[in-house]
Amino acid sequence: MMKRIGVLTSGGDAQGMNAAVRAVVRMALDKNVQVYAIYEGYQGMVNGGDQIRPFTWTNVGGILQQGGTVIGTARCAEFRERSGRLKAVHNLIINGIDALVVIGGDGSLTGANFLYEEWPSLVEELVAAGQISPEMAANHPHIQIAGIIGSIDNDMYGSDVTTGSDTALHRIVEATDAISSTAASHQRIFVVEVMGRRCGYLALMGAMAGGADWVFIPENPPDIDNWEEKMCEVLHLGREAGRRDIIVMVAEGAQDRYGQPITSDRIKQVLEERLGEETRITVLGHVQRGGAPSAFDRNLSTLLGAAAVDYLLAAEGPEAPFVMGIRGNKISRTPLAEALAKTQAVAEASREQNYAEAMRLRGSSFNESFQIVRTLVRALPHPPTPGQRRMRIAVLNAGGPAPGMNTAVRTAVRLGTDKGHIMLGVQNGFRGLIKGDIREMNWMSVSGWASQGGAELGTNRYIAEGSDFYAIARSLEEHKIDGLLVIGGWSGYENVLNMIAQRPTFPANNIPIVCVPASINNNLPGAELSIGADTALNNIVQAVDKIKQSAVASRRVFVVEVMGRNCGYLALMSALATGAERFYTNEEGVTTSNLLDDVHELAEGFSKGKRLGLIIRNESANRIYTTSFISALFEEEGGDLFDVREAILGHLQQGGNPSPFDRILATRLASHAVNHLEQLIDAGETTCACLGQVGGSLLFTAMEDVPRMFDMAKKRPKKQWWLNLRPIARVLAKPAPQ
Ligand code: ADP
């Protein structure tokens, strides 16, 4: 018998839930499976009637960019009781639903687990009460459930990140960026309270991304009794060192090590009393749940929705529920019972004041982030230990500007200085290295850089040649540079490869070098994601949302051109996040028959009532079939059915403050790079490597391996993981089946 899938959103709403619902509905329909929306979470399941409705392709049109959930969510007390779940099972069975996608937090998924476990006995009870026939019962012996974690707090085991947490961080970072400027103007202290009763993810990552000066999280309270004194001392020193804005980030569930709450009011009182400084509190509250979902949340939720349908359709027999999640950039599945147990274990450890265990259970990258933030919030670096080797590490940017470059430089300078080393900033990339334009940087010279877009050090795509290498070697010698950190795009990597090749002539080049990927194009070797790409993607998605809205009253097709050079990452990911009908990339190329097929398909759609079409074209998709060419072709072929407008997004894609994701990535990469350089210098090694996030871990790849992995002509990696997402993007944007 063909399955029938029900989908619901439950508990606290989270941005991205709509994308998940859309993906579930369309992937199911594409496989000829009927799908029902269950309105208002478990309440609709208990109520039944028209709160359980079959959904069509068009029911989920135009919802990708909306916050919240269009099918409603609720907290349902009745469902907590067996009697409520009995009604729910009855309603599911009379609608023929035997598979569910539950999108919600740990409460909702706990409820889902009960539903699965009790299903057979509830069905028996319904038969005994004469509410369903034995045949109906026999047709629905069990329920299959796939969970998707919708939770802005990112407080559940089973996924590196959960639907909604990236957008919540966007809201937090927008707010802290705005507060920083007013705080700086008045030299005030702001206490910013963010959500997270049991989980400090938002506070910790918000502090990391927002460059906050102190942070309190529930699972790792201050390890001393007099935290008030310590905090005031550090903030006071920060003021003395010239810090104008001070932000203290606090999770709503923050506590001291005896489990007593550390509230924002208490922090304000302490700061005013002890520092005599005017302190304001901003409780971000529901703003964090609001607004349009970020590009990341749209795409994450879309992929999880698609994975949930795949899993349900493949599952046979009674199989305990799974949660869909993401590990690295791969979709993963975890048994729901395990995910719930591990989530509860953190809460339990925290309740029992076993904070070491709570932190251990949060995982290594959470712990690492905590350590990094702890160092970054210091007012001043640790003084160098007497007799320690003070290394001289130079930092430079290369390639086009990528939002997050400053964040990475700030982290490198602060962490390096804190280790007692001398951090040198090279101005204007490799041109500066050639000219010897190199200055010592200190703790305060990178103040405020965490949130700044652009590249304060200056960056360009210059490739060193000929006598430049002599000049570079001289600069390295004159400034006694022990190691070099290159944060940038392909031209940076190319320069480093050339420097390695020139080592026999210029022994000064025999120093360790680390390249950190920073390019909006996301085309760098050894890295699944480069710093800046997420910001660019969000810039594109926000622009396209507006462009789409501008066409409300007309029948129109937009051809939007995005950057990326020969790499189609931005085109594909923005198509996925905006629901574009087509995307053209250099990897796939464009042919006239593609274009004609596409325009005819669009024309057919418009003839049946479609009002808006969206095509995203990578700037280098095809040399001849330019954006203008495609627009003209579509205009002509579309006849009276639609008109066509082109939008070349241009440099707005590179601009703006870095997204939280890019700031976090930049911070983590820079931290690893500095540690690695320090180790190499200490060991007298001269290896050169590039760093990147691969499969969820940060890995180094030897520069010697880069030519093998990289398509030098196209300037992109030979293998690109995101190309696998093409089929999903295609299915979801198909015209509605008739
Ligand atoms: P979230 O899913 O965001 O954690 P809640 O904890 O409020 O939000 O849970 C949402 C809904 O899930 C509840 O209103 C209830 O209907 C159901 N639910 C939560 N916990 C349970 C439970 N232990 N047993 C059955 N249903 C539950």
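Which helix is His676 found in? Look in helix H22, residues 660-683. These legends describe a predicted model, where local features need pLDDT of at least 70, side-chain atom pairs count only at pLDDT 80 or more, and totals for chains, interfaces and linings use all residues. Residues are numbered from 1 along each chain as its sequence is written, and side-chain values use heavy atoms, with hydrogens and water left out.

**View 1. His676 sits in helix H22.** Helices here are DSSP runs of H or I with at least four residues, strands are E runs of at least two, and both are numbered from the N terminus. His676 has a relative accessible area of 18%, so it counts as buried (under 20% relative accessible area; exposed is over 50%, partly exposed in between; 1.4 Å probe, protein chains only). Leaving aside residues up to four places away in sequence, His676 touches Val514 and Phe700; contact means heavy atoms within 4.5 Å.

**View 2. The ligand has 16 residues around it.** A residue makes the list if one of its heavy atoms lies within 4 Å of the molecule. Arg75, Cys76, Gly105, Gly107 and Ser108 come nearest. Helix H4 (residues 106-128) gives the largest share of this shell, with six residues. Sorted by class, the shell has four nonpolar, eight polar and four charged residues. For that sorting, Ala, Val, Leu, Ile, Met, Phe, Trp, Tyr, Cys and Pro are nonpolar, Asp, Glu, Lys and Arg are charged, and the others, Gly among them, are polar.

**View 3. Gly12, Arg75 and Cys76 each put an atom by a ligand oxygen.** From Arg75 it's a polar side-chain atom, 2.6 Å from an oxygen atom of the ligand. Cys76 uses its backbone instead, with an N or O atom 2.6 Å from a ligand oxygen. For Gly12 a backbone N or O atom lies 3.0 Å from an oxygen atom of the ligand. Taken alone, the ligand exposes 550 Å², and the protein buries 84% of that (Shrake-Rupley areas, 1.4 Å probe; for residues, only the protein chains shown count as cover).

**View 4. Pulling back, the chain has 24 helices and 24 strands.** Its radius of gyration is 27 Å, close to the 27 Å the globule rule gives for 738 residues, so the chain is as compact as a globular protein of that length. That radius is taken over C-alpha atoms, and the rule is 2.2 Å times the number of residues to the power 0.38. Along its principal axes the C-alpha trace spans about 90 × 70 × 45 Å. Buried residues make up 61% of the chain's 738.

Note on methods
A polar contact is a pair of N or O atoms within 3.5 Å; within protein, one must be able to donate a hydrogen and the other to accept it, and residues adjacent in sequence count only if both atoms are side-chain atoms.
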